[in-house]
Amino acid sequence: MKVCIVGTGYVGLVTGAGLAARGHDVVCVDLDDERVDLINSGGCPIHEEGLVELLDSVVGSTLTATTNLAQSVQDADCTMICVGTPFDEDSIDLGQIRAAAASIGAALRGRSSYHTVVVKSTVVPGTTEEVVGPIVEQASGRTIGESLGLGMNPEFLAEGVAVSDFMNPDRVVAGGIDERSQDQIAGLYRGFGDVPIVRTTPRTAELIKYTSNALLSTLISFSNEIANLASSIGVDAVEVMDAVHLDRRLSPVLADGRRVTPGVLAFLRGGCGFGGSCFGKDVRALISFGTEHGHAMPMLSSTIHINERQPVRMIELLRRRIPDLDGLDVTVLGLAFKPGTDDVRESPALTIAAMLVDEGANVTVYDPIAHTQARRVLGDRVSYAPDVESATEKAAAILLVTSWPEFRDLPELIAERSPQPVVIDGRRMLPRTSVSEYEGIGI
Ligand code: UGA
């Protein structure tokens, strides 16, 4: 199929490269000509595992980039909208979606061949049919359902593993206004093996996306609520959750006796909170959307509320050992919202570091790859150490915030130190007895 992708952010570019690798003819459109030139010359504007190699295999053959939206839309059978939908504390900002829909519609004016417009960006239920559809119809002078198709095909790409998530999808949600639109979306994924295709309406597809992220976020906050209770009654939440995980409905036992450990269990563990560009934004957008529709969404409001409190728990744990933080040398290990990325958006680490600075602590931070991003937020209020050794050498307290594997070596690194620094484990990644002054979320 000939596919035009509007927007070359991480969703657009991974989608474009993935579809091109599966044999579609893809044109990626972006307003930024430097970005377009970079892609065409074999470069990659974002850091995503495996993307450089994937682009390398398709650029110049089945994938090209351009700033010429009109021509690309006219040459394609299907256009996918992959632009940003930031949340502005009240509702999602549809500015980029509207602009893309208007340009796509204008490009389709006067054409007669069948074309499907597909929204891939995360948008609240109703947006595809009530906002995108009418704009495309008005700008094109054509009627959706006749020579135009319209659909919603949410993305389920986690940062750091987006390429692998795209190439091996759990499911494809083909939300179309009619059968033909659904067929077009399903057709895009014909080369992806035996993947379940969920044929549904755009509105359902939109809610599936939000529900997926809301569920995972809620599991994390649920686990944190239990972890906080456990710690206040002298129980270890890790012990509790490990036993809960053994429920066969959570970790089924196969006929040969082997136990399956589903990925979802990783979300059923206490910690210092979730971050990233999706969970917080999507849950807040869903709460706001629900409220507008007369549903207060109390559970999701608690998900956010608990998450916002978790960084504070880290400071409270530190205060259990050292009540006065003024002038204290404190190290924060990890700045990215999760390991494997340099993304610090909504990272609990930044909140924790900023709170420590406000308390008068001398804060040193270390992350294997996220210093540049973190510096944009924290500036010179903290010191950036080049490695874990120098980050921790004079620390009176060390807060472990992102579970980078290299932090597992911390106990050996500080074994000879006297007095021993307090270690606050926000991810419960170290054995409790591996350091002498240990505190952790959920203990
Ligand atoms: C998330 C979803 O996982 C993707 O399916 C979805 O497509 C994406 O949002 C999106 O809406 O675009 P992402 O935000 O990149 O992806 O990162 P995750 O790996 O899901 O991590 C989110 C938060 O959950 C992090 O704070 C992380 O620490 C936490 N997490 C992640 C866990 O607690 N356990 C895990 O096993 C993985």
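A residue is taken to surround the ligand if one of its heavy atoms lies within 4 Å of it. The exercises below concern a predicted model.

**Exercise 1.** Determine how many residues surround the ligand and which are the closest.

*Solution.* Step 1: applying the cut-off of 4 Å gives a shell of 18 residues. Step 2: the closest of these are Glu155, Glu159, Lys209, Asn213 and Lys338. Step 3: by residue class, the shell divides into 11 nonpolar, 2 polar and 5 charged residues. Step 4: α9 (202-232) and α11 each supply at least two residues of the shell, and α9 gives the most, with 3 residues.

**Exercise 2.** Identify the polar atoms of Glu155, Glu159 and Lys209 that approach oxygen atoms of the ligand, and state what share of the ligand area is buried.

*Solution.* Step 1: the side chain of Glu155 places a polar atom 2.8 Å from a ligand oxygen. Step 2: for Glu159 the polar atom belongs to the backbone, at 2.7 Å from an oxygen of the ligand. Step 3: Lys209 contributes a polar side-chain atom, 2.6 Å from a ligand oxygen. Step 4: the ligand alone exposes 690 Å², of which the protein buries 83%.

**Exercise 3.** Describe the volume and lining of the second largest pocket.

*Solution.* Step 1: the volume of this pocket is about 1,200 Å³. Step 2: its lining comprises 47 residues, with Gly9, Tyr10, Cys82, Val83 and Gly84 nearest the centre. Step 3: two or more lining residues come from each of α1 (10-21), α5 (95-108) and α11 (279-292); α5 gives the most, with 4 residues. Step 4: the lining divides into 15 nonpolar, 18 polar and 14 charged residues.

How values were computed: Residues numbered from 1 in each chain as written. Predicted model: local features only at pLDDT ≥ 70, side-chain atom pairs only at ≥ 80, totals over all residues. Heavy atoms only, no water. 1 Å grid on protein atoms, 1.4 Å probe; cavity = no way out; pocket = protein on both sides within 12 Å on 5 of 7 lines; lining within 4 Å. Points joined across faces, edges and corners; volume = space filled by probe spheres on them. Nonpolar A, V, L, I, M, F, W, Y, C, P; charged D, E, K, R; others polar. Polar contact = N/O pair within 3.5 Å; in protein donor to acceptor, adjacent residues only side chain to side chain. Areas by Shrake-Rupley, 256 points an atom, 1.4 Å probe, with all protein chains shown as cover.
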